[in-house]
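Take a walk through this protein with the structure open beside you. Keep the sequence at hand and find each residue as it comes up.

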Amino acid sequence: NVETMKNRNMNITEEKIDKFRYGSKESHIFLSLCYKSAIHFNPIMKGNFPEQDHILSKHELMEIDKNKVNSIYNIRYVTLTDNRSKSKEPFIEWMNKLGPNKERVFKAHLIPDGNWDAARFDEFLALRKKLMIEALKY
């Protein structure tokens, strides 16, 4: 009802975004906005259905706090097929396989340029956060 809606705060702050995690309803909305609604949620082929993927894999970040690993700033949308093929692959190996497509893929997924690994994960998260927040500006 309208009275209930009047009392809702729709402001999205960076502090709220910082709490978004892998697989949450907020993460789906936020990623959709960052990708400027370019994600197709009703694909013809099942292999093209979008899934959330950890950019630096959970396997690669086993020594890092789970909340940090599942941060929205470590998540991107990919097709089911792409997600299965990347799986537990370390970021640097995955990045090297991109070859000449690296720049296009990084730009499309708002990934800061660099050879990211667990030792530099905090820096990665901070830089990707800046890119994602900037992407919200239409």
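**Rings, strands and charges**

Phe20 and Phe30 are both buried. Keep in mind that this is a predicted model. The ring centres of Phe20 and Phe30 lie 5.9 Å apart, and their planes meet at 65 degrees. Planes over 60 degrees apart count as edge-to-face, so this pair is edge-to-face. Now place the two rings in the chain. Phe20 sits in the loop between helix H2 (14-17) and helix H3 (25-34), while Phe30 belongs to helix H3. The pair therefore ties together parts that are 10 residues apart in sequence.

Move on to Tyr35 and Tyr77. Here the ring centres are 6.0 Å apart and the planes stand at 55 degrees, so the pair is tilted. Tyr35 lies in the loop between H3 and strand S1 (50-54), and Tyr77 lies in strand S2 (residues 75-79). This pair ties together parts that are 42 residues apart in sequence. Both tyrosines, Tyr35 and Tyr77, are buried.

How many aromatic pairs does a search of the whole structure find? The search finds 8. Ring pairs also build a cluster, made of Phe91, Trp94, Phe106, Trp116, Phe121 and Phe124. Two lysines sit over rings of this kind. Lys86 lies over the face of Trp94, 5.9 Å from the ring centre. Lys102 places its charged end over the ring of Phe106, at 5.1 Å from the centre.

Next, look at strand S1. Is S1 enclosed or open? Of its 5 residues, 5 are buried, so S1 is largely enclosed by the rest of the structure. Both of its faces are covered. Pro50, Gln52 and His54 are buried on one side, and Glu51 and Asp53 are buried on the other. S1 has a partner strand, S2, and the two pair in the antiparallel sense over 5 bridges. Find Glu51 in S1; its bridge partner in S2 is Val78.

Stay with Glu51. Its relative accessibility is 18%. The cut-off for buried is under 20%, so Glu51 counts as buried. Its side chain meets that of Arg84 in a salt bridge, with 2.7 Å from N to O. Glu51 is in strand S1 and Arg84 is in helix H5 (residues 80-86), so the salt bridge ties together parts that are 33 residues apart in sequence. Arg84 itself is exposed, with a relative accessible area of 53%.

After S1 comes a loop that leads to helix H4 (66-69), and Ser57 is found in this loop. Is Ser57 buried or exposed? Ser57 is buried, with a relative accessible area of 3%. A polar atom of its side chain lies 3.4 Å from the backbone oxygen of Lys88. Beyond its neighbours within four places in sequence, Ser57 is in contact with Lys86, Ser87, Lys88 and Glu89.

Finish with the salt bridges. The count comes to 10. One of them joins the side chains of Asp18 and Lys129, at 3.1 Å from N to O. This pair links distant parts of the chain. Asp18 is in the loop between H2 and H3, and Lys129 is in helix H8 (residues 121-135), 111 residues apart. Asp18 is partly exposed, at 27% relative accessible area. Another salt bridge brings together Lys137 and Glu134, at 3.2 Å from N to O. Lys137 is exposed, with a relative accessible area of 54%. Glu134 counts as partly exposed at 46%. Salt bridges can also share partners, and in this way Glu14, Asp18 and Lys129 are joined into one network.

Notes. Residues are numbered from 1 along each chain as its sequence is written. This is a predicted model: local features need pLDDT of at least 70, side-chain atom pairs count only at pLDDT 80 or more; totals for chains, interfaces and linings use all residues. Side-chain values use heavy atoms; hydrogens and water are left out. Rings of Phe, Tyr and Trp (its six-membered ring) pair if their centres lie within 6.5 Å; planes under 30 degrees apart count as stacked, over 60 as edge-to-face and the rest as tilted. Helices (H or I, at least four residues) and strands (E, at least two) are DSSP runs, numbered from the N terminus. Buried means under 20% relative accessible area, exposed over 50%, partly exposed in between (1.4 Å probe, protein chains only). A charge sits over a ring if NZ of Lys or CZ of Arg is within 6 Å of the ring centre and within 35 degrees of the ring normal. Two strands pair if DSSP finds at least two bridges between them. A polar contact is a pair of N or O atoms within 3.5 Å; within protein, one must be able to donate a hydrogen and the other to accept it, and residues adjacent in sequence count only if both atoms are side-chain atoms. Contact means heavy atoms within 4.5 Å. A salt bridge is a side-chain nitrogen of Lys or Arg within 4 Å of a carboxyl oxygen of Asp or Glu.
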